[in-house]
Amino acid sequence: MMGDVTRVRTGIGWDSHRLEPGRPLILGGVRLEHPELLGLAGHSDADVLTHAVIDALLGAAGLDDIGTHFPDTDERWRGADSLALLRAVAALLAERGLTVEHVDATIVMERPKAGPRKHEMRDNLAGALGIARAAVNVKATTGEGMGFVGREEGVAAQAVATLSGD
């Protein structure tokens, strides 16, 4: 009867990037305008939300982390669209017989407020994963003036993903 049992796996992802001038601020594939024209520093588009989701998915699958699959030492990933990386991870999971059941993510940022655009981010993540919008949730909060987020030095995101499969 073991063949009839579907395994459920859960993974956690976390990412943070520094804010700096001259870079775009992209979260969940949505470009936001920072009041001081700051964006996220990184080798790719530095989309911390999508990176946290990728790490949660890879963790649930036992497939290491984003840095292993898309290292910042590889020029192929310079300026990469993180949603494209997420699509590649979704394909990798599907090849292994794993199904994304649910993703829940939180953005931690002082400004601009991500809340008004979180539904667009949710749609982008669900689309990249090829799953129903209802299977993805995106929340936004602040650092309440504390830590690197509160001082507006950077943006962070955390995600939890649930997979099913053999």
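Two strands count as paired here if DSSP finds at least two bridges between them. With that in hand, this predicted model has an open sheet of five strands, ordered β4-β1-β7-β5-β6, and the pairing in it is mixed. At the edges stand β4 (38-40) and β6, each with a single partner strand, so one side of each is left without a neighbour in the sheet. Ignoring direction, neighbouring strands of this sheet are turned by 20° against each other on average.

Now for the β5 end of things. Strands of a sheet pair through backbone hydrogen bonds, and they can do that parallel or antiparallel. Strand β5 (residues 98-108) meets β7 (residues 154-165) in the antiparallel sense, over 10 bridges. With β6 (residues 136-141), β5 runs parallel, and six bridges join the two. Here are some residue pairs to look for in the structure:

| Residue in β5 | Residue opposite | Strand of the opposite residue |
|---|---|---|
| L98 | G165 | β7 |
| V100 | L163 | β7 |
| V103 | V136 | β6 |

How does the chain get from β5 to β6? The path goes through helix α4 (residues 118-129), and this β-α-β crossover is right-handed. Helix α4 lies across both β5 and β6, and its direction is at about 145° to β6.

Stepping back to the whole protein chain, there are five helices and seven strands. Along the sequence they come in the pattern β-β-β-β-α-α-α-β-α-β-α-β. The radius of gyration is 16 Å, close to the 15 Å that the globule rule gives for 166 residues, so the protein chain is as compact as a globular protein of that length. If you want a box for it, the C-alpha atoms fill one of roughly 60 × 35 × 25 Å, taken along the principal axes.

What about the inside and the surface? Of the 166 residues in the protein chain, 49% are buried. The protein chain exposes about 8100 Å², and carbon and sulfur atoms supply 52% of that area.

Finally, a word on contacts along the sequence. Take the contacts in the protein chain with a separation of 6 or more: 72% of them are between residues 24 or more positions apart. The pairing of β5 with β7 puts one such example on view, with V100 having L163 as its bridge partner.

Methods:
Residues numbered from 1 in each chain as written. Predicted model: local features only at pLDDT ≥ 70, side-chain atom pairs only at ≥ 80, totals over all residues. Heavy atoms only, no water. Helix = DSSP H or I, 4+ residues; strand = E, 2+ residues; numbered from the N terminus. Right-handed = clockwise from strand over helix to strand, strands pointing away. Rg over C-alpha atoms; globule rule 2.2 N^0.38 Å. Buried < 20%, exposed > 50% of the residue type's maximum accessible area, 1.4 Å probe, protein only. Contact = heavy atoms within 4.5 Å. Areas by Shrake-Rupley, 256 points an atom, 1.4 Å probe, with all protein chains shown as cover. Axes fitted to C-alpha atoms, helices over the stretch in contact; angles between N-to-C directions.
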